Amino acid sequence: MPDRPDTKRPNVAMVLAAGLGKRMRPITSTIPKPLVEIRGKALIDYGLDALERAGVSRAVVNVHYLADLMQAHLRRRDGIEIVVSDERDELLESGGGIVRALPLLGPDPFYVINADTFWIDGYRDNLQLMAELWDPRRMDVLLLIAEMRQATGYEGRGDFTMDVEGRLKRVPERDMSPFIYAGAAIVKPELFAGMAEEKFSLNRIFDTAIENERLFGVRLDGLWLTVGTPDAIPAAEAAFKASAA
């Protein structure tokens, strides 16, 4: 599918890596969760590799817990410029972390990815697919969405409903949906304009986009893996082995 003529592919990304990773203890007693390894590779490197494949040249990574270890690991990366957004003084959550990092992200739409969830691409590269389908005339936010049948390590009732055009809404209370937010998005920086540098979730931005009917989703091609607890590591590694076979 050709790029839309009025759309530039995102060239910058925000990598959310500042969380405490409490559910991953005792592993995260000594290392931050993004450095937990799956098949000998740190979680954050799966995301950074995906961004590099998608043509992203600069990734802004926020740090808080065991920040020195995170920075030491990031300094070993090459092929993509890494810029650190320091939250040592206060953990600002996903939304507040982006507000602090805005001067580093620039004026154009950018990717947001979680450092502790990742996926195995199918026939398509999912970040490139998102870039191809990104349409700022209709969208303020575009999310990568997995179906439960494509997920390992997930326990929940789903996050969104999706209409035939890809528009998303929250799952009504006590209902279930097969659609899960897979930890990657494209967002417009102007959505954060005027916001205070304080703790708040990125869900606030998603809900505003829903109210304006401008939150959309792209179905993931492949398998989504979330590693929330130590018990989820074997399932993730088994999924990699099965996909290779």
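**Exercise 1. Salt bridges**

Determine how many salt bridges a search of the whole structure finds, and establish which parts of the chain are tied together by the pair Glu132 and Arg9.

*Solution.* Step 1: in this predicted model, the search of the whole structure yields 22 salt bridges. Step 2: one of them joins the side chains of Glu132 and Arg9, with an N to O distance of 3.6 Å. Step 3: because Glu132 belongs to helix α4 (residues 126–133) while Arg9 sits in the segment before β1, the pair ties together parts that are 123 residues apart in sequence. Step 4: Glu132 is buried, its relative accessible area being 9%, whereas Arg9, with 33%, is partly exposed.

**Exercise 2. A link between helix α1 and strand β7**

Find the separation in sequence between Arg53 and Asp121, and decide whether Arg53 is buried or partly exposed.

*Solution.* Step 1: the side chains of Arg53 and Asp121 meet in a salt bridge, at 3.4 Å from N to O. Step 2: Arg53 lies in helix α1 and Asp121 in strand β7, so that the pair links distant parts of the chain, 68 residues apart. Step 3: the cut-offs needed here are under 20% for buried and over 50% for exposed, with partly exposed in between; Arg53, at 46% relative accessibility, therefore counts as partly exposed, and Asp121, at 25%, is likewise partly exposed. Step 4: salt bridges with shared partners also join Lys41, Asp45, Asp49, Glu52 and Arg77 into one network.

**Exercise 3. Aromatic pairs**

Classify the two aromatic pairs of the structure from the angles between their ring planes.

*Solution.* Step 1: planes under 30 degrees apart count as stacked, and planes over 60 degrees apart as edge-to-face. Step 2: the structure holds 2 aromatic pairs, and that of Tyr46 and Phe118, with 4.6 Å centre to centre and 20° between the planes, is stacked. Step 3: Tyr46 is in helix α1 (residues 43–53) and Phe118 in strand β7 (residues 117–121), so this pair ties together parts 72 residues apart in sequence. Step 4: both rings belong to buried residues, since Tyr46 has 13% relative accessibility and Phe118 has 2%. Step 5: the centres of the Tyr181 and Phe206 rings are 5.5 Å apart with the planes at 80°, so this pair is edge-to-face. Step 6: with Tyr181 in strand β12 (residues 179–187) and Phe206 in helix α5 (residues 203–211), the pair ties together parts that are 25 residues apart in sequence. Step 7: Lys41, a member of the salt-bridge network, lies over the face of Tyr46, at 4.5 Å from the ring centre.

**Exercise 4. Strands β7 and β1**

Work out why one side of β7 is left without a neighbour in the sheet, and identify the strands with which β1 pairs.

*Solution.* Step 1: β7 belongs to an open sheet of 3 strands in the order β7-β14-β9, with mixed pairing. Step 2: β7 and β9 (151–152) stand at the edges with a single partner strand each, which means that one side of each has no neighbour in the sheet. Step 3: β7 runs antiparallel to strand β14 (residues 222–226), to which 5 bridges join it; Thr117 stands opposite Thr226, and Asp121 has Gly222 as its bridge partner. Step 4: since 4 of the 5 residues of β7 are buried, the strand is largely enclosed by the rest of the structure. Step 5: β1 pairs in the parallel sense with strand β4 (residues 58–63) over 4 bridges, and also with strand β6 (residues 110–114), again parallel and over 4 bridges. Step 6: both faces of β1 are covered, with Val12, Met14 and Leu16 buried on one side and Ala13 and Val15 buried on the other.

Notes: Residues numbered from 1 in each chain as written. Predicted model: local features only at pLDDT ≥ 70, side-chain atom pairs only at ≥ 80, totals over all residues. Heavy atoms only, no water. Phe/Tyr/Trp six-rings, centres within 6.5 Å; stacked < 30°, edge-to-face > 60°. Helix = DSSP H or I, 4+ residues; strand = E, 2+ residues; numbered from the N terminus. Buried < 20%, exposed > 50% of the residue type's maximum accessible area, 1.4 Å probe, protein only. Lys NZ or Arg CZ within 6 Å of the ring centre and 35° of its normal. Pairing = 2+ DSSP bridges. Salt bridge = Lys/Arg side-chain N within 4 Å of Asp/Glu carboxyl O.
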